[in-house]
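Reader: Could you please take a close look at the aromatic rings of this structure and the helix that contributes to them?

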Amino acid sequence: MSAPLPLWPFEARIDAEAFEIGRAEDVLRTPFEDGTVRQARRGRGLRTWDILAHLDSDAALERFSGWADAHAHRWFAFPDPLGPGSLRVRVRGGAGGITARARVAGGQRRWELRLTLEGPA
């Protein structure tokens, strides 16, 4: 029996209006000298989700960074933005694939996280 997957830290709230769903490239393109291009499928590919998440404080960012260092490069359970349940995903690029941007509102610094998740198609 395998161990349960780590969970997405629920403190990092997902912006339900700011995510995009896509697919990673699943073909290998080979250009030839005459200008033609051969394209061949190379497996099933991955689905991708471009995510915007929010944290309310510097302390929350510190906790999230610890989670990312430990889990972002491996598979974890992420709440499915399209319905109930969870998805098996990882962060594309691991912790280094996450950018954090500070926003100040009402005298308090909050954080926006941008990242791309990938998982089985």
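Author: **Aromatic rings and one helix**

The charged end of Arg 88 lies over the ring of Trp 75, 4.2 Å from its centre; this requires NZ of Lys or CZ of Arg within 6 Å of the ring centre and within 35 degrees of the ring normal. The model is predicted, so local features need pLDDT of at least 70 and side-chain atom pairs pLDDT 80 or more, while totals for chains, interfaces and linings use all residues. Residues are numbered from 1 along each chain as its sequence is written, and side-chain values use heavy atoms, without hydrogens or water.

The whole structure holds six aromatic pairs (ring centres within 6.5 Å, with the six-membered ring taken for Trp; stacked under 30 degrees between planes, edge-to-face over 60, otherwise tilted). Trp 8 and Phe 76 are stacked, at 6.2 Å and 25 degrees. They are 68 residues apart, Trp 8 preceding strand E1 and Phe 76 lying in strand E6 (strands are DSSP runs E of at least two residues, helices H or I of at least four, numbered from the N terminus). Phe 64 and Trp 67 have centres 5.5 Å apart and planes at 35 degrees, so this pair is tilted. Both belong to helix H1, about one helical turn apart. Trp 8, Phe 64, Trp 67, Phe 76 and Phe 78 make up one aromatic cluster.

In H1, Ala 60, Leu 61, Phe 64, Trp 67 and Ala 68 are buried (under 20% relative accessible area; exposed is over 50%, partly exposed in between, with a 1.4 Å probe and protein chains only). Seen down the axis, these buried residues fall within an arc of 120 degrees, so they line one face of the helix; the arc uses directions from the axis to the C-beta atoms. The face turned away carries exposed Glu 62 and Asp 69.
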